[in-house]
Amino acid sequence: MSLDTVVEPGDGALLTVPANGRLRIVDLHGNQAVDTLFYDAHDIDNRYSAFDTIRAQRAVYLTTGSRLLSTRADELGVITDDTCGRHDTVGGACSQESNVIRYGEHTRHQHACRQTFLTYGAQAGIGQRQLTHNVNFFMNVPVTSAGDLRFDDGLSAPGRYVELTASRDLLVLISNCPQVNNPCNGWNPTPVQLLGWW
């Protein structure tokens, strides 16, 4: 094992996962959203694309077998094990601005995933221009027949996990979501564990 660490709610991590390395994200207490960005470790402009990933697999949710494609249609990684069942990639990451729009002015100064991404991403030159589509592991965002999104209570449970195998050297940027204004974290953000083998 090359990695075994706990990420507290609202905190983040920037990991380098080499080609063929496996990264497991464990939902320790259940119902915790883990916002995650993926980049080619040698070219951060070649980054995860939700559009291309959804189009290629013809499914809006991610689970075992889902290939995570980049903006250049390169395969960044594959979800090779998943005990949760499905993960969101259309709901986006929370920001102070979106919190205000969705939940009111009183949320303006609450910490959000976008800040965590910028803080940890700076180490690799990832700035605002490089923030892009993300995967919300363990987050339940149903898409209605009318095309609307709902932020619902999570589908995960304590100890469930998702595991990704890197198809190339990757930078993985994680924000353990601090959101308290919708039920994506069961109204109570909790820690997650990161395990890696490479």
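Reader: Which residues in helix α2 (residues 96–103) are buried?

Author: Good place to start! Ser-98, Asn-99 and Val-100 are buried in α2, where buried means under 20% relative accessible area, exposed over 50% and partly exposed in between (1.4 Å probe, protein chains only). Helices (H or I, at least four residues) and strands (E, at least two) are DSSP runs, numbered from the N terminus. After α2 comes Gly-104, with a positive phi near 115°. Please keep in mind that this is a predicted model: local features need pLDDT of at least 70, side-chain atom pairs count only at pLDDT 80 or more, and totals for chains, interfaces and linings use all residues. Residues are numbered from 1 along each chain as its sequence is written, and side-chain values use heavy atoms, with hydrogens and water left out.

Reader: How do I read empty space, and what is the volume of the largest pocket?

Author: Rolling a probe the size of a water molecule over the atoms shows where empty space is left. On a 1 Å grid over the protein atoms alone, a cavity is a set of points where a 1.4 Å probe fits but cannot get out, while a pocket is an open set with protein on both sides within 12 Å along at least five of seven lines; lining residues have an atom within 4 Å of a point. Points are joined across faces, edges and corners, and a volume is the space filled by probe spheres set on them. Here the largest pocket has a volume of about 220 Å³. Of its 15 lining residues, Gly-92, Ala-93, Thr-132, His-133 and Asn-134 are the closest to the centre. Helix α1 gives the largest share of this lining, three residues.

Reader: How many cavities of 30 Å³ or more are there?

Author: The count is two. The largest cavity has a volume of about 80 Å³, and Gly-92, Cys-94, Met-139, Phe-151 and Gln-179 are the closest to its centre among 13 lining residues. The second largest cavity, about 40 Å³, is lined by Leu-23, Ile-25, Phe-38, Phe-137, Val-162, Glu-163 and Leu-164. Strand β9 gives the most to that lining, with three residues.

Reader: And in the loop between β8 (135–137) and β9 (160–166), why does Leu-149 count as partly exposed?

Author: Leu-149 counts as partly exposed because its relative accessibility is 39%. Ala-146 is found in the loop between β8 and β9 too, and Ala-146 counts as exposed because its relative accessibility is 64%. The C-alpha atoms of Ala-146 and Gln-130 are separated by 31 Å, with the two residues 16 apart along the chain.
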